[in-house]
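Here is a short briefing to keep beside the viewer. Please have a look at the fold first, and then come back for the details.

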Amino acid sequence: GYIILLEIPMLSAMSAEEISESAADYFSRKYHIETTNTYSNTLLGFSAKNVTAENALDIEKEDGVVLVEKDATLTLEPMGSSNNDLNTNIFQGQIVPWGVKNV
């Protein structure tokens, strides 16, 4: 699948949710793709499957599209850890003094 991010308009009569859903509907009809989720809180856009590499390039050229990125899963490990030998590596975290709740 792919994630398609849209420009956030400065002025619009539509809510962010309406913009995201409208764009997802438009692109799914135009490129015959299946939208799976819409995003309207922190990001504006949608995710889709059945997107070909050619579709992705064409969608990226559309007005109002900021980014078209292949969806992927990321796994992060704590700093200083290694899959090889956890006993020889020390976590390089910062010690937070007692009473500090936010930085």
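The points below go through the sheet, the helices, the aromatic rings and the pocket.

This is a predicted model. Its four strands form an open sheet with antiparallel pairing, and helix H1 packs on that sheet.

**Sheet**
- Reading across the open sheet, the strand order is S2-S3-S1-S4.
- Strand S2 (34-39) and strand S4 (65-70) are the edge strands; each has a single partner strand, so one side of each has no neighbour in the sheet.
- On average, neighbouring strands are turned by 20 degrees against each other, with direction ignored.
- Strand S1 (residues 2-6) and S4 run antiparallel and are joined by five bridges.
- If you want a place to start looking, Ile 4 has Val 68 in S4 as its bridge partner.

**Helices against the sheet**
- H1 touches S1, S2, strand S3 (45-49) and S4, and its direction makes about 165 degrees with that of S2.
- Helix H2 (residues 53-60) lies across S1 and S4, and runs at about 160 degrees to S4.

**Aromatic rings**
- The structure holds three aromatic pairs.
- In one of these pairs, the ring centres of Phe 27 and Tyr 31 are 6.2 Å apart and the planes are at 20 degrees; with planes under 30 degrees apart counting as stacked, this pair is therefore stacked.
- Both Phe 27 and Tyr 31 belong to helix H1, where they are four residues apart, about one turn of the helix.

**Largest pocket**
- The volume of the largest pocket is about 150 Å³.
- Which helix gives the most to its lining? Helix H1 (residues 16-31) does, with five residues.
- The lining includes Ile 19, Ser 22, Ala 23, Tyr 26 and Phe 27, together with others such as Leu 6, Glu 7, Pro 9, Asp 63, Gly 64 and Val 65.
- By character, the lining residues divide into seven nonpolar, two polar and two charged.

Key: Residues are numbered from 1 along each chain as its sequence is written. This is a predicted model: local features need pLDDT of at least 70, side-chain atom pairs count only at pLDDT 80 or more; totals for chains, interfaces and linings use all residues. Side-chain values use heavy atoms; hydrogens and water are left out. On a 1 Å grid over the protein atoms alone, a cavity is a set of points where a 1.4 Å probe fits but cannot get out, and a pocket is an open set with protein on both sides within 12 Å along at least five of seven lines; lining residues have an atom within 4 Å of a point. Grid points are joined across faces, edges and corners, and a volume is the space filled by probe spheres set on the points. Helices (H or I, at least four residues) and strands (E, at least two) are DSSP runs, numbered from the N terminus. Ala, Val, Leu, Ile, Met, Phe, Trp, Tyr, Cys and Pro count as nonpolar, Asp, Glu, Lys and Arg as charged, and the others, Gly among them, as polar. Two strands pair if DSSP finds at least two bridges between them. Axes are lines fitted to C-alpha atoms, for helices over the stretch in contact, and angles run from 0 to 180 degrees between N-to-C directions. Contact means heavy atoms within 4.5 Å. Rings of Phe, Tyr and Trp (its six-membered ring) pair if their centres lie within 6.5 Å; planes under 30 degrees apart count as stacked, over 60 as edge-to-face and the rest as tilted.
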